[in-house]
Amino acid sequence: MPRPLGELEDAVMTRVWQWNRPVTVREVLEDLQQERSIAYTTVMTVMDNLHQKGWVRREAEGRAYRYTAVSTRAAYSAALMNEAWSTSDNPAAALVAFFGMMSAEQREALRDAVRVVQYDDESVTEAPAEPRTEAPAEPSQEPAAAPPLPPEAEDESAEPPRPPGR
């Protein structure tokens, strides 16, 4: 289970995640030195610790290493949220409190994420079409019935559902 990164580990990982390419200790050091005074050996130790913890992988390049993130910042954040939520003695109350702390923009992002998960769940649980072994029936002259609306669509004040990714 993930532990939160320390301040310097987070600063290093932020660069690795943002740059999204293999990086050297020297590159991270030079960027960090724009904000604070820090030694090469300190950054090297932090990056080695991140490698030992499984946050980055490394490949030798001459006498140095190039480091690459093992997962994304989003995956890291999700793992931390899951860890915090799963340790609660009342997960529902913890979620309600967490949602209460969210800004309107964060709640909208949450709604979008739930729609994506629901869309993914629906596409996975739908039964695959059976192969036809007989000729298709003659088309009916009656129009097909519209599928039932989801409960939120029946409420006229509710927003129309958005396609995933929008």
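1. In this predicted model, Glu35 and Arg15 form a salt bridge, with 2.8 Å between the closest N and O atoms. The partners come from distant parts of the chain, 20 residues apart: Glu35 is in the loop between helix H2 (25–32) and H3, and Arg15 is in helix H1.

2. The two ends of the Glu35–Arg15 pair differ in accessibility class. Glu35 has a relative accessible area of 57%, and is therefore exposed, the cut-off being over 50%. Arg15 stands at 6%, so it counts as buried, which requires a value under 20%.

3. A second salt bridge joins Glu9 to Lys53, and here the closest N and O atoms are 2.5 Å apart. This pair also links distant parts of the chain: Glu9 belongs to helix H1 (residues 7–19) and Lys53 to helix H3 (residues 40–53), with their positions 44 residues apart in the numbering.

4. What is the relative accessibility of Glu9, and is the residue buried or exposed? The value is 13%, and Glu9 is buried because this falls under the 20% limit. Its partner Lys53 has a relative accessible area of 44% and is partly exposed.

5. The surroundings of Glu9 can be listed as well. Leaving aside residues up to four places away in sequence, Glu9 touches Val46, Leu50 and Lys53. Lys53 is thus both a contact of Glu9 and its salt-bridge partner.

6. A local case is found in helix H6 (residues 104–125), which holds both Asp112 and Arg115. The two residues are three positions apart, about one turn of the helix. They form a salt bridge whose closest N and O atoms are 2.8 Å apart. Asp112 has a relative accessibility of 23% and counts as partly exposed, because the value lies between the 20% and 50% limits.

7. Which residues are linked in a network of salt bridges? They are Arg21, Glu27, Glu61 and Arg66.

8. As to the total, a search of the whole structure gives ten salt bridges. Those described above include the pair Glu35 and Arg15, the pair Glu9 and Lys53, and the pair Asp112 and Arg115 within helix H6. In general, side chains of opposite charge can pair when their charged atoms come close.

Notes. Residues are numbered from 1 along each chain as its sequence is written. This is a predicted model: local features need pLDDT of at least 70, side-chain atom pairs count only at pLDDT 80 or more; totals for chains, interfaces and linings use all residues. Side-chain values use heavy atoms; hydrogens and water are left out. A salt bridge is a side-chain nitrogen of Lys or Arg within 4 Å of a carboxyl oxygen of Asp or Glu. Helices (H or I, at least four residues) and strands (E, at least two) are DSSP runs, numbered from the N terminus. Buried means under 20% relative accessible area, exposed over 50%, partly exposed in between (1.4 Å probe, protein chains only). Contact means heavy atoms within 4.5 Å.
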